[in-house]
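Work through the following exercises with the sequence and the predicted model side by side. Each task is followed by a solution that goes step by step.

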Amino acid sequence: MALRVGLTGGIGSGKSTVSALLAGHGAVVIDYDLLAREIVEPGSPALAAIAERFGEGVIAADGALDRPALGAIVFGDAAALADLNGITHPAIRDLAAHREHEAGPDAVVVHDNPLLVEMGADAHCDVVVVVDVPVEVQVERLTALRGMTPDDARARIAAQASRERRTGAADLVIDNTGPESELALIVGGIWSELASRAAARREPDGD
Ligand code: ATP
């Protein structure tokens, strides 16, 4: 079985940067932002279930999901959000399992999932890696590099799991406060660790 690595981090923490570095070392990366889009493509069972629960108003004229319309319904409505997650999360999990299977038994598979902890998926990983920066650094990068206002950045950060909850679930924490050159060195070290764990599992007497 592939080594299953969960990768998560708060918005703007550098998770995608880490995942690209790991892919460069040879990891098979499953990007959950992409999976979340794929499972609601026109004609998909998840999109049909969403339309049934929230009404045809969440389907755009071209048959695709109208994200702003759906967002307006679920924003601030915990029960509606739970219903939506009840439709999308199982579909995302199934597709991720399929992709992991396709990667083969020797792969190091990185589940790049911003909601890893919120979905409880950390419990099913062999190794959980969390990219961590102080909230001030998140705000600084989101405003400088993504054009958000500080208030918008803070609101998005507040809507996610807390830094403490995320790092509490981690086996390995990557401190991405320093420059990207330093991040590359840290990720290189983590790759060595992951590759040796994957190799140990392939040994006849390994665990
Ligand atoms: P999101 O959750 O929004 O997808 P993310 O956690 O995937 O964000 P990235 O997109 O990897 O974060 O990084 C956010 C921004 O910060 C990017 O523009 C990235 O180039 C930059 N960045 C990442 N690491 C560093 C670093 N160590 N120093 C400076 N900038 C960085």
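**Exercise 1.** Determine which residues around the ligand come nearest, and which helices supply the shell.

*Solution.* Begin with the residues themselves: 16 residues surround the ligand, and of these Gly-14, Lys-15, Ser-16, Thr-17 and Leu-145 come nearest. Next, assign the shell to helices: H1 (15-25), H6 (135-146) and H9 (180-202) each supply at least two of its residues, and H1 gives the most, with three. Finally, sort the shell by class, which yields five nonpolar, eight polar and three charged residues.

**Exercise 2.** Establish the strand order of the open sheet, and explain why one side of each edge strand has no neighbour in the sheet.

*Solution.* Reading across the sheet, the five strands follow the order E2-E3-E1-E4-E5, and their pairing is parallel. Strand E2 (28-31) and strand E5 (172-175) stand at the edges and have a single partner strand each, so one side of each remains without a neighbour in the sheet. Neighbouring strands are turned against each other by 25° on average, direction ignored. For one pairing in detail, take strand E1 (residues 3-9) and strand E3 (residues 108-112), which run parallel and are joined by five bridges; within this pairing, Leu-3 stands opposite Val-108 in E3.

**Exercise 3.** Identify the strands across which helices H5 and H9 lie, and give the angle for each helix.

*Solution.* Helix H5 (residues 78-103) lies across E1, E2 and E3, and runs at about 170° to E2. Helix H9, in turn, lies across E1, E3, strand E4 (127-132) and E5, running at about 155° to E1.

**Exercise 4.** Describe how H3 and H5 are arranged, and name the residues that make their contact.

*Solution.* The axes of helix H3 (residues 45-54) and H5 come within 10 Å and cross at roughly 175°. Because angles over 145 degrees count as roughly antiparallel, H3 is roughly antiparallel to H5. On the H3 side the contact is made by Ala-46, Ala-49, Ile-50 and Arg-53, and on the H5 side by Asp-83, Leu-84, Ile-87, Thr-88 and Ala-91. By class, this contact has six nonpolar, one polar and two charged residues.

**Exercise 5.** State how the protein chain is divided into domains, and how many residues of each domain are in contact with the other.

*Solution.* The protein chain is divided into domain 1 (1-27 + 107-200) and domain 2 (40-105), whose C-alpha centres lie 24 Å apart. Seven residues of domain 1 are in contact with six residues of domain 2, and the side of domain 1 that touches domain 2 has five nonpolar residues, one polar and one charged.

Methods:
Residues numbered from 1 in each chain as written. Predicted model: local features only at pLDDT ≥ 70, side-chain atom pairs only at ≥ 80, totals over all residues. Near = placed C-beta within 6 Å. Helix = DSSP H or I, 4+ residues; strand = E, 2+ residues; numbered from the N terminus. Nonpolar A, V, L, I, M, F, W, Y, C, P; charged D, E, K, R; others polar. Domains from an automatic or database assignment. Contact = placed C-beta atoms within 7 Å. Pairing = 2+ DSSP bridges. Axes fitted to C-alpha atoms, helices over the stretch in contact; angles between N-to-C directions. Parallel < 35°, antiparallel > 145°, perpendicular 65-115°, else oblique.
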